Amino acid sequence: MNIPRLTLIGAGPGDIDLITVKGIRAIKSADVVLYDALANEELLEFAHPKALRIYVGKRLGKYVYTQDEINQKIVSLALEYGHVVRLKGGDPFVFGRGFEEIEYARNFNIECEVVSGVTSAIAAPASIGIPVTTRGFSESFWVITGTTKAGELSKDITLAAQSTATVVILMGMSKLTQICELFAMNGKSETPIAIIQNGTRNNVNFAIGTVSTIIPIVKEQQISNPAVIVIGEVVSLHPSFIEKFSDELALSNKL
């Protein structure tokens, strides 16, 4: 019988080419693959034909399994089959509840390993040409969850709105109006903002504007969860923002 073990793998932000070589090797050696909604299902093609493939993700708040059930499933499958690969979108340690799964498995003396993944917090904006930092625009960046475990807006966003850093918010689309109001209250109404859905994928969709204008643009572009919110001067480097700004500047000069 194979030794029970768990490998927690970051599948990256969507483009299958952004998973690590180490991650692919682990998938190939898996006896069981438990995968999330945000993990590209094409990655399952790397698994052995006899490996079990079990979907444990959620869509629009509808759970197939609760987190406790997933934890228990990892342990029971590892004890029965051997090597369990837990394939999670982005990086499993960036708001991925990966440590909870590792901690639970270790209680049963199951060997655990983490293979980091490319996080959407950086890759999504990069996929449309927006850096999270660059000289003269941003000296740092915050990555914040938009919604806490209790379903409330993260208090860290209030602090972030007072900084000059690039602010990247994950899982925040349901709170977008509140987020924009917070930034506006801190004098950031004209701060550039981008909303990116399906970043790095062929069907990427994004909206770019300012804190005061983004809500109707998002509705027009029909952008919804999951999406990455980027707020900061770096967004002004995107060609569409530059073009819009140039048009407005030219109009104001004529007036």
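In this predicted model, α6 passes α7 in a right-handed crossing. Two packed helices are described by the angle between their axes and the distance between the axes. The axes of α6 and α7 come within 10 Å. They cross at roughly 155°. Angles over 145 degrees count as roughly antiparallel, and α6 and α7 are therefore roughly antiparallel to each other.

Residues from both helices form the contact. α6 contributes Leu-176, Thr-177 and Cys-180. These residues meet Ile-214, Ile-215 and Val-218 of α7. By class, five residues in the contact of α6 with α7 are nonpolar and one is polar. None is charged.

Both helices also feed the largest nonpolar core, which holds 23 residues. Within this core, Ile-195, Ile-229 and Ile-231 touch the most other members. At least two core residues come from each of the helices α5 (156-160), α6 (176-185) and α7 (214-221). The strands β9 (166-170), β10 (192-197) and β12 (227-231) likewise supply at least two each. α6 provides the largest share, five residues.

The surroundings of Ile-229 can be listed in detail. Neighbours within four places in sequence are left aside here. Ile-229 is then in contact with Val-167, Val-168 and Ile-169. Further contacts of Ile-229 are Gly-172, Met-173, Leu-176 and Ile-179. Ile-193, Ala-194 and Ile-195 complete the list. Leu-176 thus appears both in the contacts of Ile-229 and in the meeting of α6 with α7.

Another core, of 17 residues, lies apart from the largest one. Its members include Ala-11, Ala-39, Leu-43 and Ala-51.

Note on methods. Residues are numbered from 1 along each chain as its sequence is written. This is a predicted model: local features need pLDDT of at least 70, side-chain atom pairs count only at pLDDT 80 or more; totals for chains, interfaces and linings use all residues. Side-chain values use heavy atoms; hydrogens and water are left out. A nonpolar core is a set of buried Ala, Val, Leu, Ile, Met, Phe, Trp, Tyr and Cys residues joined through side-chain atoms within 4.5 Å. Buried means under 20% relative accessible area, exposed over 50%, partly exposed in between (1.4 Å probe, protein chains only). Helices (H or I, at least four residues) and strands (E, at least two) are DSSP runs, numbered from the N terminus. Contact means heavy atoms within 4.5 Å. Axes are lines fitted to C-alpha atoms, for helices over the stretch in contact, and angles run from 0 to 180 degrees between N-to-C directions. Angles under 35 degrees count as roughly parallel, over 145 as roughly antiparallel, 65 to 115 as roughly perpendicular and the rest as oblique. A crossing is left-handed if the near helix is turned anticlockwise from the far one by less than a right angle, and right-handed if clockwise. Ala, Val, Leu, Ile, Met, Phe, Trp, Tyr, Cys and Pro count as nonpolar, Asp, Glu, Lys and Arg as charged, and the others, Gly among them, as polar.
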